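User: I am new to reading protein models. Please take one part of this one and walk me through it closely, starting from the nonpolar core.

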Amino acid sequence: MDILQLLRQGDAVTQAVAVLLLAMSVGSWVVILWKARLVRRAEADVAAATAAFWQAADLPQARERLASIDRDGLVLPLVEATDTPAPGVLASAGHREQQLTRTLRDALHRIIDKLQFGQVLLATVGSTAPFVGLLGTVWGIYHALTGIAGAGTVSIDQVAGPVGEALVMTAAGLAVAIPAVLGYNIFGRRIARIEADLEGFARDLRDLLAGAGEAK
């Protein structure tokens, strides 16, 4: 069935629904391809960066190693967040462990926001695209039946063609939603594992530096 013919036969509502579905599909696929690259790099970089950090002789050497390994800035910001805050501000109040907990938590939130970027779009497209397609189907059927009623005669051929064309919108909505839902679920699981690794590294880093501060 010629989708372009369906769009030409449809009115402004049908065309608007088709354009909206197309925009949702393009947007979700851009996010899927971008996140596939980001998550794949993140999985490799986090594992390599954390291993390189613990194998370094000291913090300066660890930072040098992370600068070349941590391409998307997922581990290095945690290390940089452990710098001693400027004196005279509230961030420097409390014990060393409390300071580290606060700064590492803030840095971890920024990193997680970077990893989670685009997930809301995928969830929105996956949950709304079928209903947008259904709206196009209902409106298309209404439009087709109105045209048939105006013709004065009704036959199966007159009904099947326009109604079948309208049902294409439902299929289009599902075609847009399914990749978005799959991408959201797959990336969600992989990002959750990365977040767990980063949280574990942040805890170990806090314990290391807090213990070093107490030893001094």
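Analyst: What follows starts with the whole chain, moves to the core, and then looks at some helix pairs and single residues.

Keep in mind that this is a predicted model. The protein has 216 residues, and 37% of them are buried. Its secondary structure comes to seven helices and zero strands. Read from the N terminus, the order of elements is α-α-α-α-α-α-α. Now take the contacts with a separation of 6 or more. Of these, 78% join residues that are 24 or more positions apart.

Next, the core. In soluble globular proteins, nonpolar side chains tend to be buried together. Here, the largest nonpolar core holds 44 residues. Within this core, L21, L78, L115 and L198 touch the most other members. Six helices each give two or more residues to the core: α2 (12–55), α3 (59–69), α4 (76–80), α5 (96–116), α6 (119–151) and α7 (156–215). The largest share comes from α7, with 13 residues.

L198 is a good residue to zoom in on. Where does L198 sit? It lies in helix α7. Its relative accessibility is 0%, so L198 counts as buried, the cut-off being under 20%. What does L198 touch, once residues up to four places away in sequence are left out? The list is V46, L74, V75, L78, L108, I111 and L115. Two of these names, L78 and L115, also appear among the core members that touch the most others. Check the distance to I112 as well. L198 and I112 are 86 residues apart in sequence, yet their C-alpha atoms are 9.1 Å apart.

α7 is not alone in holding a buried residue. A144 has its place in helix α6. A144 has 11% relative accessibility, so it counts as buried. Now look from A144 to V163. They are 19 residues apart along the chain, and 6.6 Å separates their C-alpha atoms.

Turn to the pair α2 and α3. Their axes come within 8 Å and cross at roughly 160 degrees. That is over 145 degrees, so α2 is roughly antiparallel to α3. The crossing of α2 and α3 is right-handed. Which residues make the contact? From α2 come D45, A48, A49, A52, F53 and Q55. From α3 come L59, A62, R65, L66 and I69. Sort the contact of α2 with α3 by class, and you get eight nonpolar, one polar and two charged residues.

I69 lets you see this contact from the α3 side. I69 is found in helix α3. Buried or partly exposed? With a relative accessible area of 25%, I69 is partly exposed. Set aside residues up to four places away in sequence, and I69 touches D45, A48, A49 and A52. Those four α2 residues are among the ones listed for the contact with α3. I69 can also be placed against V46. The two are 23 residues apart in sequence, and their C-alpha atoms are 8.7 Å apart.

Now step to D70, which is found in the loop between α3 and α4. D70 has 6% relative accessibility, so D70 counts as buried. Which residues does D70 contact, leaving aside neighbours within four places in sequence? They are D45, V75, L76 and P77. D45 is therefore worth finding on screen: it belongs to the α2 side of the contact with α3. D70 and A47 are 23 residues apart in sequence, with 9.7 Å between their C-alpha atoms.

Finally, follow α2 to another partner, α5. The axes of α2 and α5 come within 10 Å and cross at roughly 135 degrees. α2 and α5 are therefore oblique to each other. In this contact, W34, K35, L38 and A42 of α2 meet K114, L115 and Q116 of α5. By class, the contact of α2 with α5 has four nonpolar, one polar and two charged residues. L115 brings you back to the start. It is one of the residues that L198 touches, and it is one of the core members that touch the most others.

Methods. Residues are numbered from 1 along each chain as its sequence is written. This is a predicted model: local features need pLDDT of at least 70, side-chain atom pairs count only at pLDDT 80 or more; totals for chains, interfaces and linings use all residues. Side-chain values use heavy atoms; hydrogens and water are left out. A nonpolar core is a set of buried Ala, Val, Leu, Ile, Met, Phe, Trp, Tyr and Cys residues joined through side-chain atoms within 4.5 Å. Buried means under 20% relative accessible area, exposed over 50%, partly exposed in between (1.4 Å probe, protein chains only). Axes are lines fitted to C-alpha atoms, for helices over the stretch in contact, and angles run from 0 to 180 degrees between N-to-C directions. Angles under 35 degrees count as roughly parallel, over 145 as roughly antiparallel, 65 to 115 as roughly perpendicular and the rest as oblique. A crossing is left-handed if the near helix is turned anticlockwise from the far one by less than a right angle, and right-handed if clockwise. Contact means heavy atoms within 4.5 Å. Ala, Val, Leu, Ile, Met, Phe, Trp, Tyr, Cys and Pro count as nonpolar, Asp, Glu, Lys and Arg as charged, and the others, Gly among them, as polar.
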